[in-house]
Structure formats: C-alpha cells, structure tokens
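Colleague: I would like a close look at one part of this model. Please keep it brisk, and follow the contacts outward from there.

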Amino acid sequence: MHHLIAIDIGGTRFRAGLFDPEGRRLAVLEDKTSHSGGRDWMLDQLRERVDALRRETEIGACGVSFGGPVDFKSQRVTSVHTPGWRNFALAEWVENTFGLPCRVDNDANCGALGEHRFGAGRGTESMVYLTLSTGIGGGIICHGRLHRGRDGMAGEIGHIPLTHSERTCTCGLKSGCTESLASGRALDQKVREFAAHHPREAVELLKLGKAENLTARELVGAAREGDPAAETIFQEAMEWLARALLITIRLLDPDKIILGGGVAGAGDFLVQSIHQSLRNWRSPMFPDTTEIVLAELGDFAPLHGAAALAMDMVRPC
Ligand SMILES: [Zn+2]
C-alpha cells in the first residue's frame with residue numbers, strides 16, 4: 001500500500017502533506033503564499049516540499065486542492081483572479097514533475113470531501129460543506145460522492161442571488177449574492193461602514209479599532225459581548241446566510257450542513273445565529289432535520305480532501 005501526497009494551494013497559505021494509505025496525516029510543510037511570486041514561485045515551492053516529504057517513501061498518487069475555479073474535466077485551473085494560473089494544466093504539471101498520477105479540484109469541493117471522509121460528515125449519505133471565509137464556497141456530497149455538476153460549479157452557494165444590490169459581487173454581478181451579504185469580506189465592509197457613519201452607536205466597536213481597521217473578528221467579538229449595534233449587523237448578515245441555507249435544505253434536504261472557514265471561528269455563536277433566523281421560516285410541512293454543524297478539520301479540510309482525491313486514484317471508491 002502506497003502513501004499519498006496532498007497539496008493545498010490557497011490565497012494566503014499553501015501546504016504539502018504526506019498521508020498514509022488510510023488517509024492519516026503524517027507530515028505537513030506549509031508557508032505563506034507570495035502574491036508577487038506568482039505561479040512559477042509557487043510551483044518551485046511545491047517541488048521543494050513534495051521532494052522533501054517523499055524522500056524515502058513510496059508514493060501512489062497526489063491530490064491537489066486549488067483555491068480558485070477548476071475545470072475538473074480538463075484538470076486545468078481556470079482562475080481569472082490570480083495571474084499566471086489561468087487555464088494552467090496543474091495535474092499535468094504534477095504528473096510530469098513528480099511522476100505521480102494526480103487529480104485537482106477546487107478548495108470547496110476538497111473541503112467537502114475532507115469533512116465527509118475524515119471529519120464532521122463521516123457516515124453521512126448527503127452533506128453540504130460551506131467555507132465561510134473572505135468569500136463563500138460550497139461543495140455537495142450526494143449518495144456519498146461529490147456532486148460536481150455539468151461545469152464543475154455545483155455548490156456555489158456563495159453566488160445564489162438573494163436580493164437586489166448596488167454592490168458588485170466577486171462574480172461580477174450586482175445581484176446580492178450570499179457572498180456579497182454574508183462573507184468575511186462583506187462583514188468587514190458592513191462593520192467599517194457602520195462605524196464610519198454612526199460613531200455614536202458604534203462606540204463599543206470603535207474601542208476595538210479605527211473604523212477603517214475593523215473586521216469581522218471585532219464584529220463577532222462585540223456581538224458576542226452583547227453590543228446591540230454589532231448584534232444587529234451580524235444577525236442581519238446571518239439572516240441572508242440562513243436564506244441561502246434554507247434554499248440548500250429545500251433543494252437537497254441533506255443530512256448535514258457543515259460550516260468551515262475563518263467566519264466559522266465564531267463557533268456556536270454562528271450556529272445559534274443561523275438557527276435564530278431559520279426559526280422564522282419553520283413550517284409544519286417540513287421536518288427540517290438537517291443538522292447544521294461546525295467543521296471538524298478546520299482549515300485542514302481541503303488538504304484532507306486532496307488526500308481523499310489521491311486515495312481514490314490508488315483505490316477507486
Ligand atoms: Zn456572486
């Protein structure tokens with residue numbers, strides 16, 4: 001039985017990991033992503049770390065989680081936001097560089113795979129994984145398998161349009177997407193705007209930093225402490241998120257919805273806020289037994305999902 005290599009390429013950090021044949025994490029090498037370095041820098045870093053990890057170990061396959069859109073059929077990354085990666089044949093590069101069979105998927109799908117195989121989604125038949133960080137990504141497991149959809153874009157819950165908005169979303173639309181209303185970036189913007197325009201009501205928030213420096217972290221902290229202004233801003237955002245989750249529940253009726261990413265660091269407070277909104281839409285027609293839980297693997301979920309991709313190449317599921 002061969003060991004596995006997993007790679008997670010993210011916007012702020014990258015990781016390379018060595019896993020045993022059962023998917024247990026044995027070693028991880030990680031560092032910060034350099035934006036100025038671009039693609040070639042990243043590939044050099046990965047080459048060095050994977051070579052170090054595989055030194056005396058026989059490796060069967062490599063899985064890669066990429067923090068941007070991936071065309072799963074062609075195994076090319078299609079990121080339009082990061083220069084140098086556009087239409088890059090990443091799996092082919094891994095195969096040529098390391099001589100390993102490779103499969104690449106986006107970070108939300110890998111997060112879903114990771115939580116399903118090794119985390120909070122173990123044993124579920126269907127689940128949805130949501131990464132709530134700067135943006136909002138999602139991955140769907142149906143009948144125990146990842147559902148990628150026709151264009152590999154299934155699960156993009158962050159880009160369900162919920163209302164009219166003047167704000168342009170990262171997808172290019174002014175369509176009030178979930179991401180533009182409830183992501184970490186959206187919470188940053190909301191708390192900064194509120195503190196700048198309503199300094200009297202934001203007096204507690206402004207004790208935590210200047211208006212332009214406030215982030216979702218301060219907002220959640222103040223809301224948790226019972227500051228009414230922070231509570232209102234956070235609860236409004238969570239109501240939009242709850243709407244998107246309700247659409248997901250009506251559509252898929254999954255066993256679990258698993259929340260990961262930086263905003264999920266708000267923990268039980270986040271889950272309670274979502275339930276508070278969902279209670280407004282309870283209907284006697286629907287049992288609504290879908291569990292909403294926090295991710296178990298934290299920000300390691302995509303790396304573990306990449307290991308699952310590799311595992312399935314060696315031992316098809
Ligand atoms: Zn959008």
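At what angle do the axes of helix H7 (residues 216-224) and helix H8 (residues 228-252) cross, and within what distance do they come?

Modeller: This is a predicted model. The axes of H7 and H8 cross at roughly 115°. They come within 7 Å. The crossing of H7 past H8 is left-handed.

Now the residues. From H7, the contact uses Leu219, Val220, Ala222 and Ala223. From H8, it uses Ala230, Glu231, Ile233 and Phe234. Sorted by class, that contact holds seven nonpolar residues, one charged residue and no polar ones.

In soluble globular proteins, nonpolar side chains tend to be buried together. Follow that outward to the core. The largest nonpolar core has 88 residues. Leu219 is among the five members that touch the most other members. The others named with Leu219 are Ile5, Val64, Ala237 and Ala310. H8 is the top contributor to this core, with twelve residues. The core also draws on both domains, taking at least three residues from each of domain 1 (3-114 + 299-314) and domain 2 (124-295).

Take Ile5 next. Leaving out residues up to four places away in sequence, Ile5 touches Ala16, Leu18, Val50, Leu53, Arg54, Ile59, Cys62, Leu100 and Ala310. Ala310 is itself one of the core members with the most contacts to other members.

Then the domains. Their C-alpha centres lie 27 Å apart. Domain 1 puts eleven residues into the contact, and domain 2 puts in 13 residues. On the domain 1 side, strand E5 (70-71) and helix H3 (107-118) each give two or more residues. H3 has the largest share there, six residues. By class, this side of domain 1 has six nonpolar, two polar and three charged residues.

Last, two loop residues with unusual signs to check in the backbone. Asn87 sits in the loop between strand E6 (76-77) and helix H2 (90-98). Its phi is positive, about 60°, although Asn87 is not a glycine. Asn87 counts as exposed because it has 11 C-beta neighbours inside 10 Å. His143 lies in the loop between strand E9 (136-142) and strand E10 (145-147). The phi of His143 is also positive, near 50°, and His143 is not a glycine. With 7 C-beta neighbours inside 10 Å, His143 therefore counts as exposed.

Notes. Residues numbered from 1 in each chain as written. Predicted model: local features only at pLDDT ≥ 70, side-chain atom pairs only at ≥ 80, totals over all residues. Axes fitted to C-alpha atoms, helices over the stretch in contact; angles between N-to-C directions. Helix = DSSP H or I, 4+ residues; strand = E, 2+ residues; numbered from the N terminus. Left-handed = near helix turned anticlockwise from the far one by under 90°. Contact = placed C-beta atoms within 7 Å. Nonpolar A, V, L, I, M, F, W, Y, C, P; charged D, E, K, R; others polar. Core = buried A, V, L, I, M, F, W, Y, C linked by C-beta atoms within 7 Å. Buried ≥ 20, exposed ≤ 12 C-beta atoms within 10 Å, placed from the backbone. Domains from an automatic or database assignment.
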